[in-house]
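Take the structure below and follow it in two steps. We begin with a strand and its neighbours, then turn to a pair of helices.

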Amino acid sequence: MFSDKRITILCGHYGTGKTNVAVNLALRLAGEGHAVTVADLDIVNPYFRTLDSADALEQAGIRLICSRFANSNVDIPSLPPDLYAITDDQSRRVVVDVGGDDSGAMVLGRLAPAITAEDDYAMMLVVNRYRPLTPDIPSTVEVMGQIEAASHLTFTGIVNNSNLGEETTPDVVLSSVAYAEKLAKATGLPLVATTVADHLYSDLRGQIQNLFPLQLQNNKPF
């Protein structure tokens with residue numbers, strides 16, 4: 001487990017795979033006996049969102065907070081009506097899936113004062129070195145700064161979710177670790193986890209520290 005805080009926030013560039021990480025983290029927490037909420041703060045209709053995994057979350061007893069227009073043909077900005085339950089109900093562990101880049105992080109900024117006051121959160125920068133707009137350290141650091149400015153919160157760690165979707169091999173994951181470690185050094189943040197699809201986990205176990213297996217939800221990409 002890469003966070004022991006009550007609130008774990010997952011941010012990053014569009015398409016880095018935050019949602020799959022969020023769903024898997026929530027399921028892991030629920031499996032450990034925690035009362036868990038997943039909050040999807042994407043305010044427009046993206047390609048893949050937590051609502052796609054609603055059945056798995058419900059079966060695990062996980063509460064889902066998301067836009068009322070999620071997975072509809074209504075493509076307008078919409079905040080979840082119970083947004084403030086993230087900070088108001090401190091009896092639950094919360095995993096927050098933030099929309100891409102600084103535009104999505106602006107929603108998180110509404111909660112920043114309460115999150116900061118409680119001081120029981122981790123904010124993870126989810127990175128995928130194979131995404132075209134963040135292929136190197138400077139571009140990734142730039143995105144990180146934009147998210148922090150919009151959210152009024154600071155990152156506490158990095159999750160390496162580098163993959164090539166269905167074309168991901170053990171070597172693809174292994175070759176991304178050096179990039180993630182350089183990013184950690186450049187930002188002063190710890191590299192808290194490297195994710196891998198669960199069918200590749202046995203191939204990489206023991207070769208990568210803090211390896212976190214992912215069950216890919218509904219056959220979607222990472």
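**A strand between partners, and two helices**

Strand β1 (residues 7-11) and strand β4 (residues 93-97) pair in the parallel sense, with four bridges between them. The model is a predicted one. Within this pairing, Ile 9 of β1 stands opposite Val 96 in β4.

Strand β1 also pairs with β5 (residues 121-127). These two strands run parallel as well, joined by five bridges. Here Ile 7 has Tyr 121 of β5 as its bridge partner.

How covered is β1? Mostly: five of its five residues are buried. The burial extends to both faces. Ile 7, Ile 9 and Cys 11 lie on one side, and Thr 8 and Leu 10 on the other. So Ile 9, opposite Val 96, and Ile 7, the partner of Tyr 121, share a face of the strand.

Now move to the helices. Helix α6 (residues 137-151) packs against helix α7 (residues 170-187). Their axes are 10 Å apart and meet at an angle of about 55 degrees. The two helices are therefore oblique to each other. Their crossing is right-handed.

Which residues make the contact? From α6 come Ile 137, Thr 140, Val 141 and Met 144. From α7 come Tyr 179, Lys 182, Leu 183, Ala 186 and Thr 187. By class, the residues of this contact divide into six nonpolar, two polar and one charged. The charged one is Lys 182 of α7. The polar ones are Thr 140 of α6 and Thr 187 of α7.

Methods:
Residues numbered from 1 in each chain as written. Predicted model: local features only at pLDDT ≥ 70, side-chain atom pairs only at ≥ 80, totals over all residues. Heavy atoms only, no water. Axes fitted to C-alpha atoms, helices over the stretch in contact; angles between N-to-C directions. Parallel < 35°, antiparallel > 145°, perpendicular 65-115°, else oblique. Left-handed = near helix turned anticlockwise from the far one by under 90°. Contact = heavy atoms within 4.5 Å. Buried < 20%, exposed > 50% of the residue type's maximum accessible area, 1.4 Å probe, protein only. Pairing = 2+ DSSP bridges.
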